[in-house]
Amino acid sequence: MEAHGVLSLLCVALCAGALAQQTDRPKFWECPVDLFFVLDTSESVALRAKPPNFYIDQIKSFTERFIMELKEMRQPCDRSLTWNSGALHYSDEIILVRQLSDIATERQALISDIKGISYIGKGTHTDCAIKRGIAELLIGGSHYQENKYIVVVTDGHPLTGYKEPCGGLQEAANEARQHGVKVFSVAISPDQEDTRLSVIATDQNYRQNFTAADNSRSTQLQTIRSIIDMITNETKDVCCSFDCNAKGGPKGPVGDLGSKGETGRQGMPGEKGDIGVDGNLGDPGPVGYRGMKGDRGGRGDKGERGHKGYKGDKGQRGTDGVDGRKGDPGFSGLAGCKGSPGPDGSQGDGGPKGDPGPYGTKGAKGDQGKDGEPGRPGNYGLPGIKGTPGPKGANGDKGQRGDDGAPGPDGLRGDKGTPGEKGEQGTRGNRGPRGDLGDPGPRGDQGREGSSGANGEPGDIGRAGSAGYRGDEGAPGPEGPKGPRGIKGAPGDRGQIGTRGEDGAPGNGTEGCHGFQGYPGPRGGIGEPGGKGTPGPKGDDGEPGNPGLDNDSPGLPGNKGAKGHRGPEGNPGPVGPPSLRANVSVCPDVECKCGPLDLAFIVDSSESIGSTNFALAKDFIITVIDRLIKDQQVRFGFNESRVGVVQYSGDGAQEAVRLGDPNINTLTELKQAVRDLRWLAEATYTGEALQFSLTNMIDRLQQENRVVLVLTDGRSDITRDKTPLNTLCGKGIKVGGLGVKDYSGRQPNHEQLSAVVCTSDPKPGFSFVLENFAELLDDSFLQNLTTRICEDKKCPNYKCPISFSGDTDIVLMMDSSASVGQRNFDSSKTFVKRLAERFLSAERSGRAAVRVAVGQYSRERRMEAELTSNLTLLTSKIDAATFQNDGTDVTKAMAFAMEQFKTSGGGNRKRKLVLFSDGRSQGVTEAMLEKRVRLVSEAGVELYVITVGNQVSEANLRSLVSRGRSYDVTYAQRHLFRVPDYPSLLRGVFYQTVSRRVSQA
């Protein structure tokens, strides 16, 4: 019993010591992150499943688990990352769950408040909730403006965005970007409105298939940890860029009363005001793209002759001398860090300058060693012995401006100052522009003829006039005779410096002490603004440095350097004989071109459409134009692709706007004209509208590729409108019909839609049937539509041939993890099919045989198609592959591919593995990855890596293409392929580039 009591006392003492140590840690070493949760508890969430609380409980569970994962962690600079967190939930009203609180002390209180949430179950005002979250972060957060984050958990409703009273999601996201707040968008379940969720996220990386409510607990944890990892990585630079804080000296005497302070900055946002009068609902504008380049301006008038120029800049650098030998390393200590700016206080007297730190004793010179590779900078040495105090230094630099303090009381009015001294005479101004000629004055009365005077003496010779202005350029003269061949030119300039070499071995120095923070200097008075100075004279060249000590022993041979930059263009050589293989010897990276094309929209504006749907139709038109510019590189202009819009309703109710109208000269003006179209709300005369469009717009289009999109609910009044619906057929026009269900849910008339798109033409059009007008803005639909518009692309008619010199087995491993997503996985399958077709149709030397296998990996591995030479079988197996949507294990994926090579038979067959990977993998270390890569290389398998995007692990990618050896830049460049996103896999001839490198020995 006594021993048990002693043990209890010991535990209490240890806990108290740990708590005291944590409490004694200065606040300076903490780097707080403000994280605010915005939770959707609207009706659309509650009614997604039965009982209504099902998804609400899932959201609460996700948030509680997220808060439990918020743990204090140490950054590489020894600062501690801490968390402040709060939450709100919303429907058509906003309820604050808890303000920002320190997780270290308020974690359980915040979790308890979240458990007490009961759903509101009304409308969805996500934009208002995000703005309230921004206000909570700005009012109650830490002073680190870069460390503020919001996690929005919602289903993306409403679809149209017209019921959002605070400006819409786009405005809320823009406000967050303006204040530096990062917003993560988390779906409640995987089948959410991804377009709306992407608008919420302030960056595309903040919307990566994040899901809050899923049957798999691992998916929730993966979402939580992915977000925490991204926040940790992004805040690393902010937390580790702090200034050192030296211990302050004794308090100085109270200074004189300072002068009146400057006007303070704008205050933080105030409390939410009363509900204002409901305004008119505006049309939300689509995401804008960069505007097109404007027309070239006219040539300006000839300017006045300029003044004499200043002295010229420094001349080009001379030829580098012979590099000197490396000198002995110095023993300088670590420089002191700049102090953090403090608040504006009373001006105190300057304190005495502290003694400088001691210098360390210089060690004896060691034996001369061989020159090694350049190493990383070593740690700083020990401080030297204390030196004698030096003379008093100059005043310190002006400190950074501190935070604005509260305004002090108005001081007594000062005496009127004496007039200042007269300033120096300013420099002479530039000569002004020449004035316009004045109007001629009225003609005066004719004078009387005077008497002739006596002849005067000849005057003195006048001085010579100033040189006239240079005349206009004359016409070019005739070409002169060919001159004699010149002498050989001087050697060219030295090429650019090569890429950085490998890091050397770590140094063996020890870390020096931090320098003493200097005292702040007195604040200087505001000086008079100086005049613009003239450029200073050119400085003299510096003296050459002293050469290092002689070293006769040669160093070890270095690794082969990276490929240098391309040198300057040489002189053209003599004309050679014509080549017949010029078209196939060079393989440039060219893309198929969509334009030029002429595009016309014919939009139903009848009563059955409704004003809300008509507004969506106008947004759809602008979005399609922007997507064609961005994704398909279509350029709209007078001499390029043209675009126009016709809206129609009843008899004679048509209105057209087109690029090139008197008031529509730019694409921006056309978009504004589309937004200004008013809903007509009459009958539906589709045939008459097609004839009107053909006469007033389509016949004026000049491009060979003409596309017309007809947007309607598919129910034309054919009893009164006798104009046939096939008016556009047989005219060489591609017609696309977009049929949308009407407000009562009726399907578009299939016969009418088929007649509009000319299904009987030799080159028929296409049609889409949509559930509602909101689907017009769906990202996948827009991608399919722009693809159909640009079917007739102009592509280069050549391919870069590849060949195999021996028997080769190739295994293609696709990444099927959750970070990829279903759509990107489908792009990977299409890309792999193109690679397989290239490999199996390549030229072969002799009896060389090529076999291809395709697999995928996530947490589990699958071989979709074994090694085969049957392209048809291989393609069908790739099409049947399903997305796993799980974790990532790249080391097991490589081991799985190696087993495939072992079971396929040995011999002298070449083995190549093409792996999709971003370098990130659960539970893998750099050492484990290097070991697996070394085993792959020793087995005779050549590894190629394809990485997509910028969220990658560069260290792991370097290991994947290192063969388990020291990093070889040339080898890595040949075996690592990078693309910015998954659609880029299918653009241009990237698949030809990959297949050509893989096929080469």
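Here is a set of exercises on one predicted protein model, each with a worked solution.

A word on conventions: residues are numbered from 1 along each chain as its sequence is written, and side-chain values use heavy atoms, with hydrogens and water left out. Because the model is predicted, local features need pLDDT of at least 70 and side-chain atom pairs count only at pLDDT 80 or more, while totals for chains, interfaces and linings use all residues.

**Exercise 1. The whole chain**

Work out how many helices and strands the protein chain has, and what share of its residues is buried.

Solution. Start with the secondary structure: the chain has 21 helices and 20 strands. These are DSSP runs numbered from the N terminus, with helices being H or I of at least four residues and strands E of at least two. Next, burial: of the 1001 residues, 36% are buried. The cut-offs are under 20% relative accessible area for buried, over 50% for exposed, and partly exposed in between (1.4 Å probe, protein chains only). Then the surface: the accessible area is about 64,600 Å², and carbon and sulfur atoms hold 49% of that. That area comes from the Shrake-Rupley method with a 1.4 Å probe. Last, contacts, meaning heavy atoms within 4.5 Å: among those with a separation of 6 or more, 81% are between residues 24 or more positions apart.

**Exercise 2. Confidence**

Find the mean pLDDT of the chain, then look at what the model does over residues 506-520 and 532-541.

Solution. pLDDT is the predictor's confidence in each residue, from 0 to 100. The chain mean is 75, and 59% of residues reach 70 or more. Over residues 506-520 the pLDDT is below 50, yet this stretch has 29 contacts in the model beyond near neighbours in sequence. Residues 532-541 also stay under 50, and there the model has five contacts beyond four places in sequence.

**Exercise 3. An aromatic pair**

Classify the ring pair of phenylalanine 601 and phenylalanine 620, and say which parts of the chain the pair ties together.

Solution. A pair of aromatic rings is described by the distance of the centres and the angle of the planes. Here, rings of Phe, Tyr and Trp (its six-membered ring) pair if their centres lie within 6.5 Å; planes under 30 degrees apart are stacked, over 60 edge-to-face, and the rest tilted. The count by this rule is 16 aromatic pairs. For phenylalanine 601 and phenylalanine 620, the centres are 6.4 Å apart and the planes sit at 90°, so the pair is edge-to-face. Since phenylalanine 601 is in strand S7 and phenylalanine 620 in helix H10, the pair ties together parts 19 residues apart in sequence. Both residues are buried. Zooming out, ring pairs link Phe601, Phe620, Phe766, Phe768 and Phe781 into a cluster.

**Exercise 4. Two loop residues**

Decide whether serine 606 and lysine 741 are buried or exposed, and find a polar contact for each.

Solution. Serine 606 lies in the loop between strand S7 (598-604) and helix H10 (611-631). At 1% relative accessibility, serine 606 is buried. A polar contact is a pair of N or O atoms within 3.5 Å; within protein, one must be able to donate a hydrogen and the other to accept it, and residues adjacent in sequence count only if both atoms are side-chain atoms. The side chain of serine 606 makes one of 3.1 Å with that of threonine 684.

Lysine 741 is in the loop between strand S11 (734-740) and helix H13 (750-756). At 15% relative accessibility, lysine 741 counts as buried too. The side chains of lysine 741 and glutamate 771 are joined by a polar contact of 2.7 Å. Leaving out residues up to four places away in sequence, lysine 741 touches several others, including Leu770 and Phe773.

**Exercise 5. A strand residue**

Describe the surroundings of glutamate 866.

Solution. Glutamate 866 is in strand S17 (residues 861-868), and its 47% relative accessibility makes it partly exposed. Beyond four places in sequence, glutamate 866 touches Val852, Ala853 and Gln900. Its side chain makes a polar contact of 2.7 Å with the side chain of glutamine 900.

**Exercise 6. Positive phi**

Compare the settings of cysteine 758 and asparagine 885.

Solution. Cysteine 758 is not a glycine, but has a positive phi of about 60°. Cysteine 758 lies in the loop between H13 and strand S12 (766-770) and is buried at 3%. Asparagine 885 also has a positive phi of about 60°. Asparagine 885 sits in the loop between helix H16 (871-879) and helix H17 (890-903) and is partly exposed at 42%.
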